[in-house]
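Student: I have a structure open and would like to talk through how some of its pieces fit together. Could we start with how the strands are paired?

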Amino acid sequence: MSENIYDDKRIYWIWLLKVLGVANQSFWTLSRGYRHISDFVEELRNGRVDELTSTQRDRAKKVTFEDAERIIEKCERNNVSIITYMNKEYPNSLRKVHNPPPILFVKGDVTVLSGSAVVEVVGTRKPCEYSLETTRLLCTQLAKSGVLVISGCESGIDEQANQSALEAGFPTAAVCGRGILDKKSVNEMTEKIAENGVVVAEYTDSDDFGTIRFDNRNRIMCSLADCVLFIECAADGHGLNNVRHAQMLGIPIFAVPPADISDKRFFGQRNLIRNGAVPVFDANDLIKVLNDKDEAREIPIVEYEEVKPVRKKKSSSGSASPRKIKKVQKNTEEDLHKSENSVTIDMSALSESQKTICRLIEQNEEMGINKISSQTGFPISVLLNDMVELTMERIVEELPGKRYRLRGKLGEE
């Protein structure tokens with residue numbers, strides 16, 4: 001969308017969010033080329049946008065401007081600000097990432113997200129005393145050093161991280177996965193955070209916007225952060241999906257060493273450290289990296305596939321059921337990406353860096369992001385921007401584990 005969109009068109013933005021869905025990339029792909037958000041909304045309401053899913057098309061018929069107005073009134077009653085992507089208060093760090101939230105619902109001072117280095121703190125909702133004490137120590141040190149501590153707005157490690165920063169007398173931040181007006185999100189702690197920092201979410205609650213997905217929240221936290229700190233996490237901890245977002249953004253991951261190497265509560269940290277996460281013994285381990293961009297670039301990017309949670313499915317009796325092993329169909333010459341009849345990619349429209357990436361992937365059939373970075377010399381942060389564009393233009397296909405392959409054959413330049 002063009003920067004010419006009027007700053008305060010909240011009713012259109014909320015209507016679109018209800019129709020297209022929270023964290024749906026189609027918000028950005030479908031809106032390309034429209035100068036004003038009202039023009040895009042009019043096209044949708046009149047059925048002139050063909051690429052909608054059946055669910056979105058149905059919502060476009062049912063959702064009204066009155067529905068959006070009710071949400072605005074609800075926010076005003078609860079002192080929640082509505083900041084759209086085009087508002088100047090919108091954090092710049094979110095503007096630069098793939099699929100940014102179109103709207104932020106905010107309590108507190110959103111400018112604290114833009115004024116200092118940010119560390120995202122991740123951990124279990126039922127931590128042991130060792131992890132709670134470690135959180136107190138590290139987050140107090142970080143806050144006193146001018147680092148903003150941001151959490152996922154849940155109990156346990158999240159709450160302790162915010163509490164430690166507040167007790168040290170510094171602002172802190174939280175991103176609500178449940179929605180900023182959900183009953184579990186509105187409590188004494190979030191009110192304290194809002195008074196001394198900021199609480200944000202990309203929707204109000206499930207009554208207004210439907211199903212909750214905490215992975216959507218994690219993409220926002222990682223986008224706001226300069227690094228991610230894991231304090232207590234099991235091998236199947238839900239928080240490990242933050243690694244996927246950190247990998248995409250090229251930001252480093254830190255992990256507190258386990259209190260007991262045989263205790264399964266810490267196997268998530270163990271696996272992270274084994275795969276490139278930096279062990280943390282005090283806040284200076286993070287601060288020196290935050291202050292030295294060259295040192296940050298030297299830290300290997302942890303790959304999600306190496307640490308992603310593996311959960312056993314339970315049978316109806318409650319016991320773990322054996323996993324069925326499916327026979328994998330090998331790729332044949334008729335696969336699109338190998339076929340002689342596959343699409344020819346027009347190289348003339350690509351930047352020089354994108355051409356280099358495509359040639360390299362073609363030589364290897366498919367490649368991981370770290371290998372592409374090492375062979376091209378492109379920093380991960382720069383490389384990911386090119387990969388997002390190539391993926392959105394359907395030139396490359398993203399595979400599990402941040403691996404890529406071409407969707408066709410390279411044409412002449």
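Tutor: A definition comes first: two strands count as paired if DSSP finds at least two bridges between them. Keep in mind as well that this is a predicted model.

Student: OK, so which residue stands opposite Ala173 in β5?

Tutor: On the β4 side that is Ile150, and β4 (residues 148-151) pairs with β5 in the parallel sense over two bridges.

Student: And what is the bridge partner of Ala173 in β6?

Tutor: There the partner is Val198, with β5 and β6 (residues 197-201) running parallel and joined by four bridges.

Student: Are the faces of β5 covered or open?

Tutor: Both faces of β5 (residues 172-175) are covered, since Thr172 and Ala174 on one side are buried, as are Ala173 and Val175 on the other.

Student: Which helices go with these strands in β-α-β units?

Tutor: Helix α8 (residues 157-167) forms a right-handed β-α-β unit with β4 and β5, while helix α9 (residues 188-195) forms a right-handed unit with β5 and β6.

Student: Switching topic: why is Thr135 called buried?

Tutor: Thr135, which is found in helix α7 (residues 129-144), is called buried because its relative accessible area is 0%, and buried means under 20%.

Student: What does Thr135 touch, leaving out residues up to four places away in sequence?

Tutor: Thr135 touches Thr140, Ile157, Gln160, Ala161, Ser164 and Ile231.

Student: Last one: how many residues of α1 are buried?

Tutor: Eight of the 11 residues in α1 (residues 10-20) are buried, among them Trp13, Trp15 and Lys18, and just after this helix Gly21 takes a positive phi of about 100°.

Technical notes:
Residues are numbered from 1 along each chain as its sequence is written. This is a predicted model: local features need pLDDT of at least 70, side-chain atom pairs count only at pLDDT 80 or more; totals for chains, interfaces and linings use all residues. Side-chain values use heavy atoms; hydrogens and water are left out. Buried means under 20% relative accessible area, exposed over 50%, partly exposed in between (1.4 Å probe, protein chains only). Contact means heavy atoms within 4.5 Å. A crossover is right-handed if, with the strands pointing away from the viewer, the path from the first strand over the helix to the second runs clockwise.
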